[in-house]
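Reader: I would like to go through this model term by term, asking of each label what justifies it. Could you set the values against the cut-offs as we go?

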Amino acid sequence: MKKLALLFFGLAILASAQILTTAEPLGKGKRTAFVSSAALQVKDYTTLTSSNAQFIYGLHDRLDMYVGGGLTTAVGRVQKYAFLGANMGLWKNEKWFSVSTYHVFLIPVDRHSEAC
C-alpha cells in the first residue's frame, strides 16, 4: 500500500497536480488543518498561483466539514476568497481505495466584479 501511495504522489508531482483532500473522511469529532499551494509559470507571460488553507472537522464517520480561505493570482493581480465545503465518504475498500464526493462553495473577499 505504501508503494502505491508513493507512486500516486510521485505522479501527482510530475503532472503538477494539487491535492486538496483525501477520499477518506476523518471520523466524527476529529480535526485537522491542510495547507497547499501550486504555481504554473507560463513562459514570457505570467505566473498563475493558487494557495489555500483549510480547516477540516469530522461531523460524522462519513462526513467532514471544510472551512478556509485562499488566494489566486494571475497577470499580477490577486483574488482572495473564503470557502465552506464538505467531503462525503461514499464507498470504502479496506485494502485499496475509497470514493468520496467533495464540494466547495467559494465566496470572493475582494474584486467581486471580477470573480467567477
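Author: What follows is a series of questions about labels, each answered from a value and a criterion. One caution comes beforehand, namely that this is a predicted model.

Reader: What makes up the secondary structure of the protein, and in which order do the elements run?

Author: The protein has one helix and five strands, and from the N terminus on the elements follow the pattern α-β-β-β-β-β. The five strands form an open sheet in the order β1-β2-β3-β4-β5, with antiparallel pairing.

Reader: Why are β1 and β5 said to stand at the edges of the sheet?

Author: Each of β1 and β5 has a single partner strand, so one side of each is left without a neighbour in the sheet. As for the angle between neighbours, neighbouring strands of this sheet are turned by 20° against each other on average, with direction ignored.

Reader: How do you know that β4 and β5 count as paired?

Author: Pairing requires at least two bridges between the strands, and eleven bridges join β4 to β5, which run antiparallel; the criterion is therefore met. Across from Val99 in β5 stands Trp91.

Reader: The structure holds two aromatic pairs; why is the pair of Tyr66 and Tyr102 called edge-to-face?

Author: The ring centres of Tyr66 and Tyr102 are 5.2 Å apart and the planes meet at 75°; since centres within 6.5 Å make a pair and planes over 60 degrees apart count as edge-to-face, the label follows for these two rings. Tyr66 belongs to strand β3 (residues 63-74) and Tyr102 to strand β5 (residues 98-108), so the pair ties together parts that are 36 residues apart in sequence.

Reader: Which burial class does each of these two tyrosines, Tyr66 and Tyr102, fall into?

Author: Tyr66 has a relative accessibility of 1% and counts as buried, because the cut-off is under 20%. Tyr102, at 28%, counts as partly exposed, because that class covers what lies between the buried limit of 20% and the exposed limit of 50%.

Reader: What makes the pair of Tyr81 and Phe83 tilted?

Author: The ring centres of Tyr81 and Phe83 lie 6.2 Å apart, with the planes at 35°. Stacked would need planes under 30 degrees apart and edge-to-face would need over 60, so the pair is tilted. Both Tyr81 and Phe83 are buried.

Reader: Why does Thr46 count as buried, and what does Thr46 touch?

Author: Thr46, which lies in strand β2 (residues 46-60), has a relative accessibility of 12% and therefore counts as buried, the limit being under 20%. Leaving aside residues up to four places away in sequence, Thr46 touches Leu40, Gln41, Ala74, Val75 and Gly76. The side chain of Thr46 also reaches the backbone nitrogen of Val75 at 3.1 Å, and a polar contact asks for N or O atoms within 3.5 Å.

Reader: How do you know that Val75 is exposed, and what is its phi?

Author: Val75 has a relative accessible area of 53% and is exposed, since exposed means over 50%. Val75 sits in the loop between β3 and β4 (77-92), and its phi is near 50°, a positive value in a residue other than glycine.

Reader: Where does Asp44 lie, and why is Asp44 called exposed?

Author: Asp44 lies in the loop between β1 (31-42) and β2, and with 77% relative accessibility Asp44 counts as exposed. Asp44 also has a positive phi, near 60°, in a residue other than glycine.

Note on methods
Residues are numbered from 1 along each chain as its sequence is written. This is a predicted model: local features need pLDDT of at least 70, side-chain atom pairs count only at pLDDT 80 or more; totals for chains, interfaces and linings use all residues. Side-chain values use heavy atoms; hydrogens and water are left out. Helices (H or I, at least four residues) and strands (E, at least two) are DSSP runs, numbered from the N terminus. Buried means under 20% relative accessible area, exposed over 50%, partly exposed in between (1.4 Å probe, protein chains only). A polar contact is a pair of N or O atoms within 3.5 Å; within protein, one must be able to donate a hydrogen and the other to accept it, and residues adjacent in sequence count only if both atoms are side-chain atoms. Contact means heavy atoms within 4.5 Å. Rings of Phe, Tyr and Trp (its six-membered ring) pair if their centres lie within 6.5 Å; planes under 30 degrees apart count as stacked, over 60 as edge-to-face and the rest as tilted. Axes are lines fitted to C-alpha atoms, for helices over the stretch in contact, and angles run from 0 to 180 degrees between N-to-C directions.
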